[in-house]
Amino acid sequence: YRVDQRHGFNGSTATFEAVSTSDGTRVAIVGIDASMLQSSAIWDKVEQYLDTLAKAELHNRVARPVSWGLDAGVYWVAYEWLTGSHLGGIVQAEGLPLIARSFEIAAQVVEGLEILTGLDIPHLCISPASIFICQDGSVRILHAGWSHMLLHCVDGPAHPNLMSNLPFLAPEVAGMKSGQ
């Protein structure tokens, strides 16, 4: 991939817009420094999740991973490129959506969570930053499969990424142990 621009950074992960050098497909790449993880065994589990997601019928509710790997000490995942904005950005720019639209968004997020649950893939949290509203109005859950790695950063459960998302953590996250 050729990285064109950085779109976000939250302390341990960075998101980039990139283009495949083989076919010109645009993707979003999320990366984390390998030294941040407690163990490379965590990546093995994440690869299983990503492989499952790449092959699954996601009904346009979960962003699809297209490739992943470890290069130059960075674990990375390339996801399908989506056009639109995450819910957090929309709320900041325009305010809260109308109640009817909020229910539509929530219903699509629930559909995405049902898909992930059916695939036995945990999701760290569902925050406004992990809900993407596409230009056509459809909703995708971002970072599925990948966010599991943040539970196993070297700083443990008090890692800043976890703490900043505390209000949005799934209840079952508290019961997860290293290596799950």
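**Close-up views of a predicted model**

**View 1. Strand β1 pairs with strand β2 (residues 13–19) in the antiparallel sense, over 6 bridges.** Within this pairing, Arg6 has Phe16 of β2 as its bridge partner. Pairing here requires that DSSP finds at least two bridges between two strands. Strands (E, at least two residues) and helices (H or I, at least four) are DSSP runs, numbered from the N terminus. A word on the model: it is predicted, so local features need pLDDT of at least 70 and side-chain atom pairs count only at pLDDT 80 or more, while totals for chains, interfaces and linings use all residues. Residues are numbered from 1 along each chain as its sequence is written, and side-chain values use heavy atoms, with hydrogens and water left out.

**View 2. Five strands make an open sheet, in the order β1-β2-β3-β5-β4.** The pairing in this sheet is antiparallel. Why do β1 and β4 each have a side without a neighbour in the sheet? β1 (2–9) and β4 (65–71) stand at the edges with a single partner strand each, so one side of each stays free of a neighbour. From one strand to the next, the twist averages 25°. Helix α1 (residues 41–55) packs on the sheet, where it touches β4 and β5 (74–80) (contact: heavy atoms within 4.5 Å). The direction of α1 makes about 160° with that of β4; axes are lines fitted to C-alpha atoms, for helices over the stretch in contact, and angles run from 0 to 180 degrees between N-to-C directions.

**View 3. Phe9 of strand β1 is on show here.** Is Phe9 buried or exposed? Phe9 is exposed, at a relative accessible area of 52%. Buried stands for under 20% relative accessible area, exposed for over 50%, and partly exposed for in between (1.4 Å probe, protein chains only). Between the C-alpha atoms of Phe9 and Gly31, which are 22 residues apart along the chain, the separation is 9.6 Å.

**View 4. Helix α1 turns one face of buried residues towards its surroundings.** The helix has 15 residues and spans 22 Å from its first C-alpha to its last, close to the expected 21 Å (1.5 Å times one less than its number of residues). Its buried residues are Ile42, Trp43, Val46, Tyr49, Leu50 and Leu53. Seen down the axis, these residues fall within an arc of 115°, so they line one face of α1; the arc is taken from the directions from the helix axis to the C-beta atoms. Among the elements that cover them are β4, β5 and α3.

**View 5. Asp51 and Lys55 form a salt bridge within α1.** The N to O distance is 3.0 Å, and the rule asks for a side-chain nitrogen of Lys or Arg within 4 Å of a carboxyl oxygen of Asp or Glu. The two residues are 4 apart in the helix, about one helical turn. Asp51 is partly exposed at 32%, whereas Lys55 is exposed at 66%. By this rule the model has 5 salt bridges.

**View 6. Two further salt bridges include Arg61 with Glu111 and Arg2 with Asp4.** The closest N and O atoms of Arg61 and Glu111 are 2.7 Å apart. Arg61 lies in the loop between α1 and β4 and Glu111 in helix α3 (residues 99–118), so the pair ties together parts that are 50 residues apart in sequence. Arg61 is buried at 14%, and Glu111 is partly exposed at 35%. For Arg2 and Asp4 the N to O distance is 2.9 Å; Arg2 is partly exposed at 46%, as is Asp4 at 39%.
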